[in-house]
Amino acid sequence: MYYVAGYIDLQAWNSWKNGMKVYSRHPAIRSLWSEELKTGSYYSFNLEVLK
């Protein structure tokens with residue numbers, strides 16, 4: 001991920017994660033996201049990152 005590689009600073013990363021946590025709580029978005037993640041198209045992203 002770009003954060004791990006050092007391209008995104010910690011404050012920006014935490015802000016992004018907080019926003020994604022809000023979206024991930026919506027059942028329809030969570031369901032679609034889970035299906036999309038199975039395709040491997042999110043650059044090693046997984047929903048565990050949001051915990």
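This is a short tour of the aromatic ring pairs in a predicted model.

Before selecting anything, note how the pairs are described: a pair of aromatic rings is given by the distance of the centres and the angle of the planes. The count for this structure comes to 3 aromatic pairs.

Start by selecting Tyr 3 and Trp 13. Their rings form a stacked aromatic pair, with 4.8 Å from centre to centre and 10 degrees between the planes. Now show the backbone around these two residues. Tyr 3 sits in the segment before α1 (10-24), while Trp 13 belongs to helix α1. The two residues are 10 apart, and their pair links distant parts of the chain.

Next, colour by accessibility. Is Trp 13 buried or exposed? Trp 13 has 10% relative accessibility, so Trp 13 counts as buried, because the limit for that is under 20%. Tyr 3 has 27% and therefore counts as partly exposed.

Keep Trp 13 selected and add Trp 16. The ring centres of Trp 13 and Trp 16 lie 5.1 Å apart with the planes at 25 degrees, so this pair is stacked, since stacking requires planes under 30 degrees apart. Follow helix α1 from Trp 13 to Trp 16: these residues are 3 apart, which means about one helical turn separates them. Trp 16 has a relative accessible area of 34% and is partly exposed.

Finally, select Tyr 3, Trp 13 and Trp 16 together. Ring pairs link these residues into a cluster.

Conventions. Residues numbered from 1 in each chain as written. Predicted model: local features only at pLDDT ≥ 70, side-chain atom pairs only at ≥ 80, totals over all residues. Heavy atoms only, no water. Phe/Tyr/Trp six-rings, centres within 6.5 Å; stacked < 30°, edge-to-face > 60°. Helix = DSSP H or I, 4+ residues; strand = E, 2+ residues; numbered from the N terminus. Buried < 20%, exposed > 50% of the residue type's maximum accessible area, 1.4 Å probe, protein only.
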